[in-house]
Amino acid sequence: MTPDLLEEGAKRREAYIARLEGNRAPGESGGQAASFGHVVSSDVVDTSNGGILYVDDITVSFDGFRALNKLTLNIAVGELRCIIGPNGAGKTTMMDVITGKTKPDSGRAFFGTNIDLLRLRESEIASRGVGRKFQKPTVFEQLSVFENLELALKMDRRVRASLMHKLTSADYDRIAEMLKLIHLRDSGSRTAGDLSHGQKQWLEIGMLLMQDPKLLLLDEPVAGMTDEETERTAELFLSLEGSHSLVVVEHDMKFIGELVNGGQREKKKIVTVLHEGSVLAEGALADVQANERVVEVYLGR
């Protein structure tokens, strides 16, 4: 099946869902919170209530093991949220649910107040504005840094449009700005495979940003980085605060401290601790670090 037909099929499916929603009896939500009250199939995320991500009572089980146990999490527009927790706490599964990789047994997950994430496929969620960075960097190693960013440009991805596309002056400016932002301004012509581990991480983050995501999910982004690379990554994330919403999952508490104590200090940053699939504690970093239960199960005595 051609990409054109796939796109047309997706549009018809969304129209069908919209008709179903319109035919529901008053009070029925079909899995959508009644307080949201927007058409599920909308392509534009509605953040008029100040929130960008709503995860409500999500449960995920694998062969009887509960990876997530009635997890509830709310992220505000422009927020930089840090999430910590021991291995097996459910952090990766949480991101799998948000990005459509895993469907939960129960619960709800909304992007803004109008986009029901549980109704969409992974590609549809990404196209709505949710970007995900995995632990291991994934770049096109045989191509240059510039070419990697060029391929990531947000544009019409249908076959003919992609083949006919030529970079505009605005595209060149956009790529130049991104190279500067991700600390690779002088590396545009370098082959991506020749970059250090940390630089590859920056390049992949740049590729995500080329898609103009509103929400970025970042899974252990500084694992394997040098101290200098870790510090510059903190600077990068803090520069994105406000213009993007970021959810950073990390074990490096020094890095978490740099994120929490830097950037827009007038905005109180929240740290969420996950344990056994649910929220164990949430609040300011100092309060979380002083929490006896958190010390017991994660930080150590």
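These questions and replies deal with charged residues in a predicted model.

In this predicted model, local features need pLDDT of at least 70 and side-chain atom pairs count only at pLDDT 80 or more, while totals for chains, interfaces and linings use all residues. Residues are numbered from 1 along each chain as its sequence is written, and side-chain values use heavy atoms, with hydrogens and water left out.

Me: Why is D116 called buried?
Reply: Buried means under 20% relative accessible area, exposed over 50%, and partly exposed in between (1.4 Å probe, protein chains only). D116 has 4%, so D116 is buried.

Me: Why is D227 called exposed?
Reply: The relative accessible area of D227 is 64%, which is over 50%, so D227 counts as exposed. D227 lies in helix 8 (residues 227-240).

Me: What makes R293 partly exposed?
Reply: R293 has 36% relative accessibility, which falls between the two cut-offs, so R293 is partly exposed.

Me: How do you know that R293 forms a salt bridge with E296?
Reply: A salt bridge is a side-chain nitrogen of Lys or Arg within 4 Å of a carboxyl oxygen of Asp or Glu. The closest N and O atoms of R293 and E296 are 3.5 Å apart, so the pair meets the rule. Both residues lie in helix 11 (residues 292-299), three residues apart, about one turn of the helix.

Me: What makes the contact of R81 and E79 a salt bridge?
Reply: Their N to O distance is 2.6 Å, which is within 4 Å, so the contact counts. Both R81 and E79 are buried.

Me: How many salt bridges are there by this rule?
Reply: The count comes to eleven.

How values were computed. Helix = DSSP H or I, 4+ residues; strand = E, 2+ residues; numbered from the N terminus.
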